[in-house]
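I opened this notebook to record what I looked up in the structure. The entries take the ligand site before the cysteines.

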Amino acid sequence: MIKTIGVLTSGGDAPGMNAAVRAVTRAGIAQGLEVKAIYRGYKGLIDGEVKTFTSQDVSGIIQRGGTIIKSARCMEFHEPEGRKKAYETIQREHIDALIVIGGDGTFTGGRAFAQEFDVPVIGIPGTIDNDLWGTDATIGYDTSLSTITECIDKLRDTATSHERVFLVEVMGRDAGFLTLNAAIAGGCEVAIIPERAAVEEKVEEAIGSGRRKSKNSSIVLVQEHAVEGGAAAVAKIIEKAHPEYSTRVTVLGHLQRGGSPSAYDRILASRMGVAAVQALVDGQRNVMVGIQNDDIVLVPLSKAIHQKKDIKEDSWQAMSVLSI
Ligand code: F6P
């Protein structure tokens, strides 16, 4: 029987992670469980950085970005030796199950750990990338999308004033969800994403025709890993083909991960946190809590990690049609 649960945040932080930690803590306490926060993700699990959380420990955090229990990318946990040390902490702290909040890497580590040591693990998807299969949304994606859109709006003012082509580099690791949807929301001329290549043609098609139709400026969103060299490399391609255009490059970087979570992300995190605790109480293990058509679902961690989530074809079409 599960009496004590551990909760951690791992990998890139995402707005709404705090709301998820709050939900797990309070839902756990409501179920009569002890909740232990593990600091710095898997690194803290290895190092034994554990603290029992009360309801007060998670007070006043629902609106805060980042994660109050910190996050880390822990290479040591990739190795069996590191996971063995983590298991020693689990035994010492009498932790019966883990709720891990993060993305792909977090779930991969959690799944390996669960298989090796027979500890039930539940994943809560927290990443701005929205790249996990089995869930329509991940915690932090909505907030990040709004942040990027706001940045595009600001860049549009200066791009229009100076009649320039702006190349804006957007995060997303291997996925183009943030880039494509921010491009739609920001009314951008081009979105370059890993799922759809052919950079030169796309740029020529959108910028060339845009200029011909006397648009005086363009904003091109470039997903960070879609093109080698990122937005700066695309700027060079454009300048070579069109020396008459003046280009500027903006790398949004970690700005995209900060800020107060949107109402949507706070609600999503709260629902997922409560559902994760319920899943453990119901005897579930090694699943991710997802959301599909506004319903909470449980998806095997193996599928969430290994299956590829595709961008929506209609979104791609909308982007192409609306940018001309
Ligand atoms: O997974 C979230 C993310 O922000 C990705 O979009 C990005 O590629 C990566 O993390 C950056 O990681 P780091 O903060 O470790 O540089």
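For sorting residues by class, I count Ala, Val, Leu, Ile, Met, Phe, Trp, Tyr, Cys and Pro as nonpolar, Asp, Glu, Lys and Arg as charged, and the others, Gly among them, as polar. I note at the outset that this is a predicted model.

Entry on the ligand shell. I listed the residues around the ligand and found Arg73, Thr127, Ile128, Asp129, Met171, Gly172, Arg173, Glu224, His254 and Arg257. By class, this shell divides into five charged, three polar and two nonpolar residues. I then checked the location of the ligand, which sits in the largest pocket.

Entry on ligand contacts. I looked up polar atoms beside the ligand oxygens. Arg73 places a polar side-chain atom 2.7 Å from an oxygen atom of the ligand. For Asp129, a side-chain N or O atom is 2.7 Å from a ligand oxygen. Gly172 takes part through its backbone, with an N or O atom 3.0 Å from an oxygen atom of the ligand. The ligand taken alone exposes 400 Å², and the protein buries 77% of that.

Entry on cysteines. How many disulfides does a search of the whole structure find? I obtained zero. I examined Cys188 in this regard: the closest cysteine sulfur, in Cys151, is 11 Å from the sulfur of Cys188, which is too far for a bond. The cut-off I applied is a pair of cysteine sulfur atoms within 2.5 Å. I also looked up accessibility. Cys188 has a relative accessible area of 3% and is therefore buried. Cys74, at 13% relative accessibility, counts as buried too, because the limit for that class is under 20%.

Notes
Residues numbered from 1 in each chain as written. Predicted model: local features only at pLDDT ≥ 70, side-chain atom pairs only at ≥ 80, totals over all residues. Heavy atoms only, no water. Buried < 20%, exposed > 50% of the residue type's maximum accessible area, 1.4 Å probe, protein only. Near = heavy atom within 4 Å. Polar contact = N/O pair within 3.5 Å; in protein donor to acceptor, adjacent residues only side chain to side chain. Areas by Shrake-Rupley, 256 points an atom, 1.4 Å probe, with all protein chains shown as cover. 1 Å grid on protein atoms, 1.4 Å probe; cavity = no way out; pocket = protein on both sides within 12 Å on 5 of 7 lines; lining within 4 Å. Sits in = over half its atoms within 2 Å of the grid points.
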